[in-house]
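Student: I should like to discuss the fold of this chain with you. Could we begin once the sequence and structure are displayed?

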Amino acid sequence: MLNLLRFRDIADYTATPELAPASPITGEEAFQRYIAHTLPFLRESGGSIECLGKGGPFLIGPADERWDMAMLVRQHSVESFLGFASHRAYLAGLGHRTAALEDSRLLPLTDANRPFTKEAP
């Protein structure tokens, strides 16, 4: 899954005040809290973060559009993802993600290269 992430300047914990830090933090800092909370559940479900990269200006794309970070997550199956995404303890920390993000996109991907990486018989 390809995640495109745009952070808030200051994280907004209005919806989950119980997760709010004692003093304001940036959206990126709130997202790092989300990652720290999420990784054990993601790994338990067989998933992993394959790439976590800071964004920048587009080489090709709208000049007025920005994404602060891109994250590539691998899961074994849709079922594994759904199990992970509905895990009660994982959901308890989802407020960090909500507080962090101004906008996001999630694009499910399948590995189209897989047939081309096998050696010929």
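Student: How many bridges join strand β1 to β4?

Tutor: This is a predicted model, in which local features need pLDDT of at least 70, side-chain atom pairs count only at pLDDT 80 or more, and totals for chains, interfaces and linings use all residues. Residues are numbered from 1 along each chain as its sequence is written, and side-chain values use heavy atoms, without hydrogens and water. Strands (E, at least two residues) and helices (H or I, at least four) are DSSP runs numbered from the N terminus, and two strands pair if DSSP finds at least two bridges between them. Strand β1 covers residues 2-7 and runs antiparallel to β4, the two being joined by 6 bridges.

Student: Which residue of β4 is the bridge partner of Asn3?

Tutor: β1 and β4 run antiparallel. Within β4, Asn3 has as its bridge partner Leu106.

Student: In what order do the strands form the open sheet?

Tutor: The edge strands, each pairing on one side only, are β2 (48-54) and β4 (101-107). The pairing is antiparallel, and the order of the 4 strands is β2-β3-β1-β4.

Student: Which element gives the largest share of the largest nonpolar core?

Tutor: Such a core is a set of buried (under 20% relative accessible area, 1.4 Å probe, protein chains only) Ala, Val, Leu, Ile, Met, Phe, Trp, Tyr and Cys residues joined through side-chain atoms within 4.5 Å. The largest one has 21 residues, and Leu5, Tyr13 and Phe31 have the most contacts inside it. Two or more residues come from each of β1, α1, β3 and α4 (94-100). The largest share, 6 residues, is given by α1.

Definitions and conventions:
Buried means under 20% relative accessible area, exposed over 50%, partly exposed in between (1.4 Å probe, protein chains only).
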